[in-house]
Amino acid sequence: MIRRGMPRQDATRVAGIALVLLMLAACGTAPAAPTPEPLSGTYTASGGGGALPAVQALTARFKELHPRVTWIVSESGSTSAIKLVLSNTIDVGFVSRALTDSEKAQVTPISIGFSGTAVIVNPANPLMNLSREQLLQIYSGDVRNWLDLGWTEPTIRPYIREANAATRQTFEAYLFAGSVPAYGRNVVEQMETEAMFTAVSSFRGAIGIASTGSRTGSESRVKILKIDGVAGTQENIASGAYKIIRPLAVIYSNSAELTPTIRAFLEFVRSAEGQRIAATAF
């Protein structure tokens, strides 16, 4: 409304503004909302090796969607990932084992599928398959030479991962079937995946464990065995035919104040596209 006594120039200006607003309303157009700031920054993710390929694929796709976001992804182990998340040392963790009840009270998991524990030997070993009973005999120390299992190599050198490694925990659950693990005195621990590959490749009679997947499958220094006649392929893991398996998950602290970028990434992991990417990263 134009007030009485208003100067003609001001009255004309007010009338013009009113006309513009009336035209916008008639067209159903409102002033555009401010454009949200694009996601950006450098973020860290670390955890168990079994989940590493899936997380690498997820972060790579998230960066394609948000080019100003950079990820530093590393392998530190599932138990370490939980500690690092709770201490705010990393932004996102990932685990390749089931969480304990006490861990669930502190971190929230987002499922990204399953992985397996592979049994690996030196490429010189001609055997293609071992049964659970044969593995138990090897790792309990009851059988110490390959002659008893059909190969001419005299000495078995069994290797295992460290106690808190998810590959070992899954292997023990399968091998000892709930009983207290009892390893032979000839079983030697290796602390990392690379150390395991090096040890198994160094001795013709060596045997060890590693995560199933592309990293182990493409490693020319070792050979993967079938267990009970079943290969640790993605299809056999998904169907449950391969028995040495464990769940994979992305985790974040229940008490952390999530940044917009981390919140968006977690929503992406939960999405249909994120779940599809995780399922095909093997």
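What follows is a walk through the fold, two helices, a pocket and a few loop residues of this predicted model.

Some housekeeping comes up front: residues are numbered from 1 along each chain as its sequence is written, and side-chain values use heavy atoms, with hydrogens and water left out. As the model is a predicted one, local features need pLDDT of at least 70 and side-chain atom pairs count only at pLDDT 80 or more, while totals for chains, interfaces and linings use all residues.

The secondary structure of the chain adds up to 11 helices and 11 strands, taken as DSSP runs numbered from the N terminus (helices are H or I with at least four residues, strands are E with at least two). Of its 282 residues, 42% count as buried; buried stands for under 20% relative accessible area, exposed for over 50%, and partly exposed for anything in between (1.4 Å probe, protein chains only). Among contacts (heavy atoms within 4.5 Å) with a separation of 6 or more, 74% join residues 24 or more positions apart.

Helix H2 covers residues 52–65, 14 in number, and its first and last C-alpha atoms are 20 Å apart, close to the 20 Å expected at 1.5 Å a residue (the expected span is 1.5 Å times one less than the number of residues). Its buried residues are Leu52, Ala54, Val55, Leu58, Thr59 and Phe62. They fall within an arc of 160° seen down the axis of H2, so they line one face of the helix; the arc is that of the directions from the helix axis to the C-beta atoms. An α-helix has 3.6 residues a turn, so residues three or four places apart point the same way. Ala54, on H2, is buried at a relative accessible area of 2%. Beyond its neighbours within four places in sequence, Ala54 is in contact with Ile112, Ala278 and Ala281. The C-alpha atoms of Ala54 and Ala281 are separated by 5.0 Å, though these positions lie 227 residues apart along the chain.

Helix H7 (residues 193–202) buries Thr193, Met196, Phe197, Ala199 and Val200. Down the axis of H7 these residues fall within an arc of 165°, so they too line one face of their helix. Their packing partners are strands E2 (69–75), E4 (107–121), E6 (157–161), E7 (188–190) and E8 (206–211), along with helix H8 (214–217).

The largest pocket holds about 700 Å³ of space. Its lining has 44 residues, with Gly48, Gly49, Gly50, Ser211 and Arg246 the closest to its centre. By type, the lining divides into 16 nonpolar, 21 polar and 7 charged residues. A pocket here is an open set of points on a 1 Å grid over the protein atoms alone, where a 1.4 Å probe fits, with protein on both sides within 12 Å along at least five of seven lines; lining residues have an atom within 4 Å of a point. Grid points are joined across faces, edges and corners, and the volume is the space filled by probe spheres set on them. Ala, Val, Leu, Ile, Met, Phe, Trp, Tyr, Cys and Pro count as nonpolar, Asp, Glu, Lys and Arg as charged, and the others, Gly among them, as polar.

A few loop residues round things off. Asn88, in the loop between helix H3 (78–86) and strand E3 (92–95), has a positive phi of about 60° without being a glycine, and is exposed at 58% relative accessible area. Ala177, in the loop between helix H6 (166–175) and E7, has a positive phi of about 50° and is exposed at 55%. Asn186 lies in the loop between H6 and E7 but is buried, at 18%; residues up to four places away aside, Asn186 touches Gly141, Arg144, Ile156 and Pro158.
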